[in-house]
Structure formats: structure tokens, C-alpha cells
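Please examine the sequence and the structure shown below. The paragraphs that follow lead from the chain as a whole to individual pairs of charged side chains.

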Amino acid sequence: MSQLQLSGKIVNDVRSLLAEHDSAAQDPGVASQYLSAIIGFLLGQEQMPESQKKEVLEELLAFAGQVAEDVSRQKSEQMQSASGVWKPGMS
């Protein structure tokens, strides 16, 4: 797969564009459905054997899962490092 330059800005821009098209896409689940449909639409237009399309879809699903795990882990680590235990000073 290609080296991607994913950022919060590009994700927010895509989500905003989807919400402009359909206000229901403000919901992350609906936005994800649109993105999945776009993937299917793009692959459906490609001239390649159906078995190859299925293989590409399986690779993309695995990749999406890895990204979701990485983002969840990073978010969890940020929350853990941002929270601490406060103890009153001894005076």
C-alpha cells in the first residue's frame, strides 16, 4: 500500500464535505457508511477480476482495523498521560 499522509484536518474536511451533502453524515456511523460505499463504488468501476476486487477489499478492511486500533491506543495513551493523581500538599 501507499504511504499515506493522514491528518486530523483531512479527516475533518472529508466529514464536513459529507455532512454538507447529507446532514445525517454528522454521525460517525453514517459518515463511515458513506466512506465504505465510496470504496465499493471506486472498486466497482475498476476493470479487474472479481477475485482481485475481493482481495483488495479484504486488505482494506484489515488496514482500516489496524488504523482504528492505532488511533484508539494513541487516544488512550494521551488520556492516561493527561490524567494523574492529585495529592494535597503537606503543610
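Of the 91 residues in the chain, 7% count as buried. The model is a predicted one, and this share describes the chain as it appears there. The surface that the chain exposes amounts to about 8,000 Å², and carbon and sulfur atoms supply 57% of that area.

The secondary structure consists of three helices and zero strands. Read from the N terminus on, the order of the elements is therefore written α-α-α, each symbol standing for a run assigned as a helix.

Attention may now turn to the charged side chains. How many salt bridges does a search of the whole structure find? The search finds three.

One of these salt bridges belongs to helix α1, which spans residues 8–21. Here Asp13 pairs with Lys9, and their closest N and O atoms are 2.8 Å apart. The two residues are four positions apart in the helix, or about one turn. As for their surroundings, Lys9 is exposed, with a relative accessible area of 56%, whereas Asp13 is partly exposed at 42%. Lys9 is classed as exposed because its value of 56% lies over the 50% cut-off.

Another salt bridge is found in helix α3, which comprises residues 50–82. It joins Lys53 to Glu50, with 3.4 Å between the closest N and O atoms. These partners are three residues apart in the helix, so about one helical turn separates them. Are Lys53 and Glu50 buried or exposed? Lys53 has a relative accessibility of 10% and counts as buried, because buried means under 20%. Glu50, by contrast, reaches 57% and counts as exposed. This salt bridge thus links a buried residue, Lys53, to an exposed one, Glu50.

Helix α3 also holds the pair Arg73 and Asp70. Their side chains meet in a salt bridge with an N to O distance of 3.1 Å. Arg73 and Asp70 are three residues apart, again about one turn of the helix. Arg73 has a relative accessibility of 43% and counts as partly exposed; Asp70, at 35%, is also partly exposed. Both residues receive this label because 43% and 35% fall between the cut-offs of 20% and 50%.

In review, the search yields three salt bridges: Asp13 with Lys9, Lys53 with Glu50, and Arg73 with Asp70. In each pair, the partners lie about one turn of a helix apart.

How values were computed:
Residues numbered from 1 in each chain as written. Predicted model: local features only at pLDDT ≥ 70, side-chain atom pairs only at ≥ 80, totals over all residues. Heavy atoms only, no water. Salt bridge = Lys/Arg side-chain N within 4 Å of Asp/Glu carboxyl O. Buried < 20%, exposed > 50% of the residue type's maximum accessible area, 1.4 Å probe, protein only. Areas by Shrake-Rupley, 256 points an atom, 1.4 Å probe, with all protein chains shown as cover.
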